[in-house]
Amino acid sequence: MKTTTQALIIGGGVVGASVLYHLTKLGWSDVMLVERSELTSGSTWHAAGGFHTLNGDTNMAALQGYTIKLYRELEEITGMSCGLHHVGGVTLADNQDRFDMLVAERAKHRYMGLETEIVGPEDIAKIAPITNLDGIVGGLYDPLDGHLDPSGTTHAYAKAARMGGATIELHTKVIETNQRADGTWDVVTDKGTIHAEHVVNAAGLWAREVAAMAGSYVPLHPMEHQYIVTDDLPEIYERAAEHPHVMDPAGESYLRQEGRGLCIGFYEQPCEPWAVDGTPWEFGHELLPDNLDKIADSIDFAYRRFPVLERAGVKSVIHGPFTFAPDGNPLVGPVPGLQNYWSACGVMAGFSQGGGVGLMLAQWMVEGECERDVTAMDVGRYGKWITPGYTRPKVIENYQNRFSVSYPNEELPAARPHRTTPMYDIFSDLGAVWGHQFGLEVANYFAQNGEPEYETPTFRRSNAFAATAREVKAVRSGVGINEVQNFGKFAVTGTGARAWLDRIMAGRIPPPGRMSLTPMLSPKGRLWGDFTVSCLAEDIFQITASYGAQEIHHRWFMQNAHPDAQVENISDRRTGFQIAGPKARDLLAACTRDNVTDLKFMDVRRMTIGQVACIVQRVSYTGDLGYEIYCDAMDQRQLWWSLWHAGQSLEITPFGMRAMMSLRLDRFFGSWLSEFSPDYTAAETGMDRFISFKKNVDFIGRAAAEAERANPPARTTVVFEVDADDADVVAYEPVFIDGIVQGFCTSGGYAHHTGKSIALALVPRALATSDLEVEIEIMGQLRKAKRITTPLFEPDGAVMRG
């Protein structure tokens, strides 16, 4: 057995084999995989082997499309069969909401180049004739749907990797992983120690145990999953062609042909977590005892949807565990807090996602970044706050909602509230209707005077529409207040603080007492952050960005550390409030003896507000006159009472994120992971106006940014006013120019202050004329839209800046 390697993958399921292959494909030949038993041991061997492209996250759907198309390439490379059955598949909708979801997904697919189509009951009768169409509204047909041989596919990955120079050691159990001072790893196995520059945890059912060896916790949990294979059915084996897949979300089931019969699996409500206290090391090619009682209701429903099943005998029952993350997406990438340690875990749909996961992780390891935004599966999307006690109920919830309608405004309730600020009870008493981000409870809006205390999930304007409008009006006409807790906040200090910031941020680093806005770029010029930098003293800075990205950002900061700069995540130690509106200055003045009249736009200053020592900066995401006021978390309630009491004569109004996201539309402000994400460059989004090309620093991503400055990218971000009905743009709706899909929306919504439906979109730069008129597909309808170039509120920014 080799004792040294550049990269060591732990785990020989389909995901580990895919990572191994993709590393060789990208040029790393000195790579190695160790597996405690045989390839496919664990979950891979008993998987149903289905694959599909449908996924609520657009980038995940694209990676699933890549995975499916990769299988032919594997067969050509290796001469082995993956047992491919490209039979197509239809997802059924038995009510309008399910149909609306499929229509919205089809719209996204237009720009992605996926050839899905909306079909009616008469079409479904031809596609899947064994289906009882009672109550069926329609469906989504995907020609790429199909299934394969799990074992053959995994061994094809393995052979392709070996052809690229990789080594695979079977029956080799990992016992310890110990990091050396230089960041490399000693991986101790029962056959000896392997010294590896990089380690990849692709251990599947044992990922928790392997992570613990490195002192880490990976938030996933195995769930028991059951599917049934029937005896031969003449309705199946007498067909001229193989029967397509059928996904029946109402019945929480998936169905496909298996030989001369059918295979049907269930995501049942009375589901069971498995191996709660750890996966037994001796588990491998075993199955769990049959538990048909658990899926009895699901079987009854399936008999009604597919009556042929009532006449089918049961050939076999496959009951085994699969791992899930709290949100159902994989856990991939560099593990925060560890050097050269990578995660490739929680891939519950290995044959839909395994190829994309392997490609993205290999790009990350070899090239330093991925070709697309992988936030949805980044292991860093969870922080140190997450525990097994939180993970398990969220995994159960995700399993139970696997086939549920996914709404853009939905807030799932399991394991909540988990993390709250000192304002939670006060805001709850004021009617707060809560959302969540990164485990934190965040007020979406405040229900008052009979307004709904629960926001009904919908694809259209919700029952919170009027409450949001009221809060918007209160901010624009008086003064509104909300928390700034949901910003990620870092303290940067030391003699090297300015030099470090100049290197890692593309924008200008301000002098003491001032702030600046700056993008943070990847080496290839993509957006890795959208930051506010506040200089409190020559060697003391506060930087703020997305709260949900704090662990991802902190990981990048640590990877690019400066010996004389200390970077500390203070997101939960420093909190406070934003106040905004024409009376914001009056409110601030009423709470302090400090002079606030000379606090200019983008100034930052230490002040005493009431009894509390604060950092006050004049800036506003709403486009109004506004201030962000930061304090120690222990002082937040005292600061609140000072502002709240002083604000009573000014008709102070609390407002939430629904109003915030409406207010920002008036000023065309983008938001993180919508307009600004690793999918886009600064020049595509307009963030290049904040890049300081004058500073004499080779900041990260400078060469790429300079290249785009000389040769602007092919697409640009524009704003449209949409002739909408009762639904507004959310994201990824296709933009038709001259009858052809040539762009897509990044975000949008209803701007209550001006009463307009607004969409932000990426379109070809060459077509982005000031009078551009397009059509945007919203809920299956083409809505006319015209470009607008002047902000709807305070076009010159006089109030915000004055």
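# A walk through the predicted model

Arg 256 is buried, with a relative accessible area of 7%. That makes a handy place to start in this structure, which is a predicted model. Arg 256 pairs with Glu 258 in a salt bridge whose closest N and O atoms are 2.6 Å apart. The partner sits in another setting: Glu 258 counts as partly exposed, at 31% relative accessibility.

Let us stay with charged pairs for a moment. The count of salt bridges comes to 41. One of them joins the side chains of Glu 471 and Arg 470, at 3.9 Å from N to O. A salt bridge needs a side-chain nitrogen of Lys or Arg within 4 Å of a carboxyl oxygen of Asp or Glu, so the 3.9 Å of this pair qualifies. Here the acid is the buried partner, since Glu 471 has a relative accessible area of 0%, while Arg 470 is partly exposed at 24%. In a further pair, Asp 598 meets Arg 605, and their closest N and O atoms are 3.1 Å apart. Asp 598 is partly exposed at 37% relative accessibility, and Arg 605 is partly exposed at 27%. Salt bridges can also link up: Asp 100, Arg 460 and Asp 726 are joined in a network.

Now step back to the overall layout. The chain is divided into domain 1, made of residues 4–333 + 336–365, and domain 2, residues 573–650. The C-alpha centres of these two domains lie 51 Å apart. The UniProt record, in an unreviewed entry, lists residues 423–695 as "domain: GCVT N-terminal". Over that stretch the chain is 26% helix and 30% strand, and the C-alpha atoms at its ends are 42 Å apart.

Back at the start of the chain, helix α1 covers residues 14–25. How far should its 12 residues span at 1.5 Å a residue? The expected span is 16 Å, and the end C-alpha atoms are indeed 16 Å apart, so the two agree. The helix is mostly covered, with 11 of its 12 residues buried. Among the buried residues are Val 14, Gly 16, Tyr 21 and His 22. Just after α1, Gly 27 takes a positive phi of about 110°.

Next, the cysteines. How many disulfides does a search of the whole structure find? The search finds zero. For Cys 82, the nearest cysteine sulfur belongs to Cys 263 and is 19 Å away. The sulfur nearest to Cys 591 is that of Cys 614, at 9.7 Å. A disulfide calls for two cysteine sulfur atoms within 2.5 Å, so neither Cys 82 nor Cys 591 is in one. Both side chains are shielded: Cys 82 is buried, with a relative accessible area of 0%, and Cys 591 counts as buried at 9%.

What surrounds Cys 82? The residue lies in the loop between α2 (58–78) and β4 (89–93). Leaving aside residues up to four places away in sequence, Cys 82 touches Tyr 71, Leu 74, Glu 75, Leu 148, Asp 149, Thr 153 and Ala 156. Cys 82 and Pro 417 are 335 residues apart in sequence, and their C-alpha atoms are 45 Å apart in space.

Pro 417 brings us to some backbone details. This proline is found in the loop between α10 and α11 (424–429), and the peptide bond from Arg 416 to Pro 417 is cis, with omega near -5°. Ala 415 has its place in the loop between α10 and α11 too. Ala 415 is not a glycine, yet has a positive phi of about 60°; it is partly exposed, with a relative accessible area of 25%. His 171, likewise not a glycine, has a positive phi of about 50°. His 171 lies in the loop between β8 (167–169) and β9 (174–179) and is partly exposed at 40%.

Our last stop is helix α10 itself, residues 388–400, which holds Asn 398. Is Asn 398 buried or exposed? At 14% relative accessibility, Asn 398 counts as buried. Not counting residues up to four places away in sequence, Asn 398 touches Phe 324, Pro 326, Asp 327 and Gly 328.

Note on methods: Residues numbered from 1 in each chain as written. Predicted model: local features only at pLDDT ≥ 70, side-chain atom pairs only at ≥ 80, totals over all residues. Heavy atoms only, no water. Domains from an automatic or database assignment. Buried < 20%, exposed > 50% of the residue type's maximum accessible area, 1.4 Å probe, protein only. Helix = DSSP H or I, 4+ residues; strand = E, 2+ residues; numbered from the N terminus. Contact = heavy atoms within 4.5 Å. UniProt positions renumbered as here; feature names shortened; annotations may be inferred. Expected span 1.5 Å × (residues − 1).
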